[in-house]
Amino acid sequence: MKKTMKRSLATIILSTALLTTASLPAWAAEGSSTTVIAASNVITSYTLTDKIEVEIKSILNEHQSDSTKLGAVIRIKNTSGKVTRVPDFELRVHTAEGIDYTLQPSAKNAKSVQPKSQQELSYMTVVDGGEDVALTLLNFIDVDLEVYPKKETTLLAVTVDENNVWNGSDSNITKTSAILKWGEAFTLPSLRSPLGFIPVDIHKEITAKGVSTVVQIQVVNPTKERQTVPNFGIDGKTEGSVYSGSRAESSVSLDPGEKKYIHVVIPTDLDTEFTSLNVVTPEVFSVALGEGKFLDDSYRVGRINILLPTGAVTQGVIPAPDYTLGTPVKLDTTNKFVPANVDVSLVELHVTSNEDDGFNTAVAKFKLTNNSDRPIPIPAIQTELVSKDGYAYGGRRQAQTALSVVPKASYVVSYSYALPASETGEGLKMNLYSQQSSGETSYRSLLATAKVPVQKNDFKAKALNVYPYEITIKDWSITAIFQATMMYDYKLKLDLDIKPDKQVTVDKYNSSLSFELFDNVGNPVGKAVQALSGEGRLYNGTNTIDLNARSNQLDFPIQVKVYETFANEYGEIVKRLLTTFKQ
């Protein structure tokens with residue numbers, strides 16, 4: 001019987017318009033660009049019978065210490081209009097040494113194929129011995145046992161391209177078209193999916209459950225039909241190890257033209273640094289155990305290798321544009337966490353030293369503006385500062401906030417960051433995340449990233465910027481009053497001009513001012529905390545503040561340090577030095 005071979009250009013040149021407008025997490029459109037390459041692949045179909053065509057999906061040649069696992073997954077396509085039985089054949093691999101190995105069919109292989117449909121069939125065998133095997137041919141053999149001696153006919157012989165053979169998780173992908181740089185779009189023709197995929201973020205997370213690396217991928221549906229994301233995973237590769245990841249979202253569907261994010265969580269060690277990622281697809285071979293039970297042998301086949309820049313997990317791989325304080329953050333349109341009618345702006349970022357504790361503290365303030373006509377819940381955005389040399393510092397949100405932002409108004413949320421004393425704040429990048437969960441898996445999803453400026457500190461200034469307040473100190477004085485108890489009582493008198501941003505709603509959760517008194521050798525002797533909103537707040541005009549210091553001697557000189565202060569979600573009292581009064 002004469003067999004012919006057909007080649008079909010299958011699948012998939014992604015719509016360039018869809019990909020180039022895919023919204024990546026950036027705080028501003030200016031300065032951000034992403035190189036996107038539309039991927040195309042050739043799928044080869046072979047004619048097996050007048051009704052059946054065959055595609056080779058996967059070939060496995062995994063060498064182990066004392067054996068070699070040989071396997072193949074093929075697609076059988078019924079081109080006729082009737083149910084067709086899967087032809088009887090033996091699937092054999094031929095080696096460079098001239099040896100043939102017969103692959104056994106999986107116990108779960110289909111016996112027939114519906115009209116104009118296809119089925120995947122899995123085959124495998126294990127060869128004893130410790131020698132490597134080089135595969136050259138995949139042969140479909142018809143064996144006629146009705147005659148003696150038995151008659152064998154080759155129905156189809158497919159040349160094996162070594163670049164398409166998977167040698168196990170430790171192997172390298174060498175096919176040029178399957179090696180991509182970070183940020184390049186790819187497709188998965190082996191899964192017959194028209195969806196396009198763009199890796200947009202990779203970051204490390206440390207939780208009570210351990211350390212993991214999260215890879216965030218945007219999925220684009222360029223078709224006019226609803227599509228489901230096929231089953232695939234991602235493995236992280238270091239110089240000597242492979243770490244397998246699993247999808248956080250098990251099932252994701254996209255409407256025509258829709259874009260969504262999926263996330264792959266890869267458990268790692270704390271010091272793990274990936275050099276590349278492998279996009280892998282799962283395969284399974286089943287052995288019948290009897291009584292309806294099966295033993296499944298699962299393995300993953302590498303399809304695409306994504307190269308990572310040096311230090312990508314710590315420094316990030318998305319271009320970070322420069323950001324101007326007070327301007328709305330450009331969140332990507334795929335984001336569903338922050339409503340479209342809410343503007344997010346970074347309005348303050350300061351870094352100050354904690355001389356007593358030996359580290360620096362950064363304080364950031366974000367303004368959330370509700371542009372709608374109804375209250376909107378305040379999203380619990382997570383933040384992270386990344387230094388220019390790649391160290392990441394997680395933000396700790398203020399302990400409590402209001403439940404919602406009222407219509408046509410703004411609300412301010414503060415964050416604190418513990419930085420090493422050597423961190424000056426130069427070249428910092430800010431990442432914004434949403435916290436997501438799927439089942440027992442929790443992960444962060446990138447919303448935006450940008451290079452952010454740190455504001456200069458002027459500890460002698462008479463104007464204090466404590467957003468949403470601008471406080472001007474017109475005059476001040478410290479007095480010591482000798483009491484009948486033979487003790488000195490210290491008071492601070494301030495003449496203030498306080499100008500609030502009237503668009504911002506304030507409440508008891510806003511920052512307060514802490515006035516701390518130090519004696520002539522620098523020891524703290526008294527303190528008072530004054531609110532800027534609500535009962536007991538500071539007012540325009542003269543304010544007299546009792547510093548709660550009782551001393552049996554009159555100290556001179558003395559000083560009062562003024563701090564902005566708030567409690568973060570870990571119960572820590574965060575302080576930012578504003579100014580100092582010395583007398």
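**Exercise 1.** In this predicted model, determine how the residues lining the largest cavity divide into nonpolar, polar and charged.

*Solution.* The division is eight nonpolar, one polar and no charged. To see this, take the lining itself: Val344, Phe366, Leu368, Pro379, Ile381, Thr383, Val413, Tyr415 and Leu432. Tyr and Pro count as nonpolar, as do Val, Leu, Ile and Phe. Thr is not among the residues named as nonpolar or charged, so Thr counts as polar. The polar member of the lining is therefore Thr383. Next, place the lining on the strands: E25 (359-370) and E31 (409-420) each supply at least two of its residues. The volume of this cavity is about 50 Å³.

**Exercise 2.** State how many cavities of 30 Å³ or more the model has, and describe the lining of the second largest.

*Solution.* The count is three cavities of 30 Å³ or more. The second largest holds about 40 Å³ of space. Around that space lie Lys365, Gln398, Val412, Ser414, Tyr467, Pro468, Tyr509, Asn510 and Ser511. Sorted by class, this lining has four nonpolar residues, four polar and one charged. Lys counts as charged, so the charged residue is Lys365.

**Exercise 3.** Find the sense in which strands E40 and E41 pair, parallel or antiparallel, and locate the residue with positive phi in their hairpin.

*Solution.* Strand E40 (residues 559-567) and strand E41 (residues 573-582) are antiparallel, with nine bridges between them. In one of these pairings, Lys561 has Thr580 of E41 as its bridge partner. Five residues lie between the two strands of the hairpin. The residue sought is Gly571, whose phi is positive, near 80 degrees.

Methods:
Residues numbered from 1 in each chain as written. Predicted model: local features only at pLDDT ≥ 70, side-chain atom pairs only at ≥ 80, totals over all residues. Heavy atoms only, no water. 1 Å grid on protein atoms, 1.4 Å probe; cavity = no way out; pocket = protein on both sides within 12 Å on 5 of 7 lines; lining within 4 Å. Points joined across faces, edges and corners; volume = space filled by probe spheres on them. Helix = DSSP H or I, 4+ residues; strand = E, 2+ residues; numbered from the N terminus. Pairing = 2+ DSSP bridges.
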